Amino acid sequence: MEMDEANTVVDVYSNLAANAAATVEDIATAMTATASIAANAGMTYENTAAYLAKIIETTQESASSIGTSLKTIIANFTQMTTNVSNDEADAELSINSTDEALQSVGISLRDAQGQIKNLDVVIDELGNSWNNLDRNTQRYLATTIAGTRQQSRLIALLDDYDRTLELEAEATDSAGKSDAQFSKYTDTLAYSSQKLSTEMEELKQKFVTDNIMSSIYKALSSLITGLNNLPTGAIAALALGIVALGKKILSSILTPIKESTQAWREMSKELKEKH
């Protein structure tokens with residue numbers, strides 16, 4: 001993808017994460033294992049992301065495992081084991097065991113010109129037919145296409161395929177959705193707290209420079225040096241002075257409170273005596 005398509009990536013991930021039980025990180029992690037082979041198989045970015053979100057949502061397995069699983073399933077779909085031409089004599093030949101299995105339920109990997117279809121088109125055809133198949137046929141297809149180890153992930157994609165189609169629609173109609181999700185986030189307490197913390201950090205970096213801190217340290221050092229040079233008696237007198245000053249400040253605060261409390265008590269007493 002081109003760099004100017006970055007917004008599309010963010011929009012698709014954000015909208016899927018908002019509508020599925022899969023996080024942006026989950027889908028992105030799974031996509032790292034799947035993107036290249038999916039693109040080679042003609043799958044759209046949006047549909048690939050939707051498939052990953054559906055499998056993650058259904059299985060709740062690790063994103064990296066899901067990405068590897070879908071990569072394996074795509075490889076099984078697209079491997080060529082027969083050199084199929086466009087000649088009429090070859091019309092009934094299957095490309096591989098997956099094509100043969102699909103043909104048993106009326107689906108082909110090839111289009112009318114004998115070329116392999118875009119794989120998400122094939123998956124959609126299979127998904128839309130899935131609920132009409134009996135259980136044995138479903139297991140036969142899943143095992144043939146995905147193999148014994150990956151069949152459960154393919155079944156997770158194809159079961160309840162209406163849900164997969166919903167996620168495809170969300171991925172396709174995701175333009176601008178990341179901005180909308182961010183707007184919702186900016187209204188939250190978490191965002192406000194984070195924004196305040198960031199701004200405080202910026203303020204600290206602007207004003208608490210090395211020079212300012214150095215000046216503060218020097219001033220404190222000079223004060224301590226001056227105190228150390230005072231005679232012991234002078235330090236004791238200074239300490240007593242600080243204590244006396246503290247008492248005076250405390251008294252100036254407490255005296256008005258005490259006086260107002262006493263006045264209130266006297267007023268209350270007079271009111272009680274009158275009544």
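Start with helix α8, residues 151–158: 7 of its 8 residues are buried, so the rest of the structure largely encloses this helix. The model on screen is predicted.

**Stop 1: helix α8**

Select the buried residues of α8: Q151, R153, L154, I155, A156, L157 and L158. Now show their surroundings. Which helices do these buried residues pack against? They meet α3, α4 (63–78), α6, α7 (135–146) and α9 (161–172). Step past the end of the helix to D160. This residue follows α8 and has a positive phi, near 50°.

**Stop 2: the nonpolar core**

Pick I123 next. Leaving out residues up to four places away in sequence, I123 touches M43, Y51, F77, L157, L158 and Y161. Two of these names, L157 and L158, are among the buried residues of α8. Now add F77. In the largest nonpolar core, which has 47 residues, F77 and I123 touch the most other members. Which helix gives this core its largest share? Helix α3, residues 45–59, does, with 8 residues.

**Stop 3: α2 against α3**

Keep α3 selected and add α2, residues 24–40. Two packed helices are described by the angle between their axes and the distance between the axes. Here the angle is about 130°, and the axes lie 10 Å apart. That makes α2 oblique to α3, because the angle is neither over 145 degrees nor within 65 to 115. The crossing is right-handed.

Show side chains at the contact. From α2, select D26, I27, A30, M31, T34 and A38. From α3, select Y45, T48, A49, L52, A53 and I56, which they meet. Colour this contact by class: 9 residues are nonpolar, 2 polar and 1 charged.

For a look at the spacing along each helix, recall the geometry. An α-helix has 3.6 residues a turn, so residues three or four places apart point the same way.

**Stop 4: G106**

Move to the loop between α5 (97–103) and α6 (119–130), and select G106 there. Is G106 buried or exposed? Its relative accessibility is 70%, so G106 counts as exposed. Now draw a distance to S129. The two residues are 23 apart in sequence, and their C-alpha atoms are 9.5 Å apart.

**Stop 5: zoom out**

Show the whole protein as a cartoon. How many helices and strands are there? The count is 13 helices and 0 strands. Colour by burial: buried residues make up 29% of the 275 residues. Finish with a contact map. Among contacts with a separation of 6 or more, 60% join residues 24 or more positions apart.

Note on methods:
Residues numbered from 1 in each chain as written. Predicted model: local features only at pLDDT ≥ 70, side-chain atom pairs only at ≥ 80, totals over all residues. Heavy atoms only, no water. Core = buried A, V, L, I, M, F, W, Y, C linked by side-chain atoms within 4.5 Å. Buried < 20%, exposed > 50% of the residue type's maximum accessible area, 1.4 Å probe, protein only. Helix = DSSP H or I, 4+ residues; strand = E, 2+ residues; numbered from the N terminus. Contact = heavy atoms within 4.5 Å. Axes fitted to C-alpha atoms, helices over the stretch in contact; angles between N-to-C directions. Parallel < 35°, antiparallel > 145°, perpendicular 65-115°, else oblique. Left-handed = near helix turned anticlockwise from the far one by under 90°. Nonpolar A, V, L, I, M, F, W, Y, C, P; charged D, E, K, R; others polar.
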